[in-house]
Amino acid sequence: MKLKTTTYKELLSKFDTHIMATKSIRTGNHYTGQIEDFLIFLEEKEVLDINNADKEIISRYFDYLSNRPKKRGTGKLSISTLNDNLSTLRIFSLRMQDEKILKKGMQIPTNFKLDYDTEDNNPFALVRPILSTNEVKLLFDKCSSPLEKSLIALAYGAGLRRGNLERLLESDIDFRQGMVTAFKDKNNKTRRVPISDFFLQVLKDYSIYRLQILASLNKRSDYFFIDKKGNRIKGNRLNDVLRQIIKRTENKEIQQKNITLHCLRHSTATHLMDAGESFEFVREYLGHAISDTTLIYARRRKIKNIYRI
């Protein structure tokens, strides 16, 4: 596929000339090829002004790159190739600013920085451990109260951060529409998260249980997670509740993973990718402001076991 618009053809020509002059290489180089792919993608998305290539469209482009097959050989693009594309886009952005074509630099994600798994030297391992779907089911089966089941439902089923769980109000859960609102999320953003019918019923059961506690104490509380005295349960205590559930499983593999509430969030991200959800969906679902972390999930699914929800 080739570029169609005259404007983008001219931009590519300018960039190719710049690369040949600064990199001392001949035409047809991979830098120009990478930018041509990017401009073709913009054309296909009907973004015909380079100034309209905002953070969202660039994230969509790297969703496409991280999932498309190689042009030569088999498999998908390597981490180093994706990082090379990111670097080339930065060169292109700077050059277009010098040419007074771009009004401001494009918002390009930072390069991948992945930790190695200490056991198998796996460069695609996430910094935090995750659970398989079977392990999550085991945790849920070992819950001994509606509160514990609701904690799993929101940390795993809705991917909420610990701070969201601590601040969550009863009114933040829309039982009719099956949505949870996370206020004051990371980067001070508010997002609405869909939750499955199964987990929604779990939250309904806990809501009744919660109201019974408050009624017996003749007390009121807006916070969703409360203890038996009607007081809000803070983040550290919620992690303690999770540790109690893990201990109850008597599963050494789970116990050795040192799972926290945030690990459940990482688990659901990986499971969503494994189930075929797009990079964009997972990024929005988790409330990631930039794409770097979610891109790791996209690469990780190639290496680790395939989990089905």
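1. Helices, as named in this note, are DSSP runs of H or I with at least four residues, numbered from the N terminus. With that convention, glutamate 250 is placed in the loop between α9 (235-249) and α10 (252-256). The model under review is a predicted one. Glutamate 250 is not a glycine, yet its phi is positive, at about 55°. The residue is exposed, with a relative accessible area of 69%.

2. Two further residues may be read alongside that loop position. Lysine 100, which sits in the loop between α4 and α5, has a phi near 65°, a positive value in a residue other than glycine. Its relative accessible area is 74%, so lysine 100 is classed as exposed, the cut-off being over 50%. Asparagine 218, which follows α8, likewise has a positive phi, near 55°.

3. On the overall architecture, the protein chain contains 13 helices and three strands. It has 309 residues, of which 48% count as buried. Among the contacts in the chain with a separation of 6 or more, 60% are between residues 24 or more positions apart.

4. Helix α8 merits a point of its own. This helix covers residues 197-217, 21 residues in number. From its first C-alpha to its last it reaches 31 Å, close to the 30 Å expected at 1.5 Å a residue. Its buried residues are Phe199, Leu200, Val202, Leu203, Tyr206, Ser207, Arg210, Ile213 and Leu214. Because these cover an arc of only 145° around the axis, they are on the same side of α8. On the other side of α8, the exposed residues are Asp197, Phe198, Ile208, Gln212, Ala215 and Ser216. The cover over the buried residues of α8 includes α5 (133-141), α6 (146-155) and β1 (173-174).

5. Arginine 210 belongs to helix α8 and is a charged residue by class. Its relative accessibility is 2%, and it therefore counts as buried, the limit being under 20%. Once neighbours within four places in sequence are left aside, arginine 210 is in contact with Glu170, Ser221, Asp222, Tyr223, Phe224 and Ile226. The C-alpha atom of arginine 210 is separated by 8.5 Å from that of glycine 230, and the two residues are 20 apart along the chain.

6. Two of the elements that help to cover α8 can be examined in turn. In α5, the buried residues are Thr133, Glu135, Val136, Leu139 and Phe140. Seen down the axis of α5, these fall within an arc of 160°, so they line one face of the helix. Asn134 and Asp141 are exposed on the other side of α5.

7. Helix α6 is mostly covered, with eight of its ten residues buried. The buried residues are Leu147, Glu148, Ser150, Leu151, Ile152, Ala153, Leu154 and Ala155. Alanine 155 also relates α6 to a later part of the chain: its C-alpha atom and that of cysteine 263 are separated by 8.9 Å, while the residues are 108 apart in sequence. Cysteine 263 is located in helix α11 (residues 261-274). Cysteine 263 is itself buried, with a relative accessible area of 3%.

8. The second largest pocket has a volume of about 490 Å³. Its lining is formed by 18 residues, and those closest to its centre are Gly33, Gln34, Asp37, Arg68 and Lys71. Both α2 (30-44) and α4 (79-98) supply at least two residues of this lining. The largest share, eight residues, comes from α2. By class, the lining of this pocket consists of eight charged, five polar and five nonpolar residues.

9. In summary, two helices should be inspected together with their buried faces: α8, with its buried residues on the same side, and α5, with its buried residues along one face. Helix α6 is mostly covered. For the backbone, the residues to check include lysine 100, with phi near 65°, and glutamate 250, with phi of about 55°.

Conventions: Residues are numbered from 1 along each chain as its sequence is written. This is a predicted model: local features need pLDDT of at least 70, side-chain atom pairs count only at pLDDT 80 or more; totals for chains, interfaces and linings use all residues. Side-chain values use heavy atoms; hydrogens and water are left out. On a 1 Å grid over the protein atoms alone, a cavity is a set of points where a 1.4 Å probe fits but cannot get out, and a pocket is an open set with protein on both sides within 12 Å along at least five of seven lines; lining residues have an atom within 4 Å of a point. Grid points are joined across faces, edges and corners, and a volume is the space filled by probe spheres set on the points. The expected span of a helix is 1.5 Å times one less than its number of residues. Buried means under 20% relative accessible area, exposed over 50%, partly exposed in between (1.4 Å probe, protein chains only). The arc is that of the directions from the helix axis to the C-beta atoms. Contact means heavy atoms within 4.5 Å.
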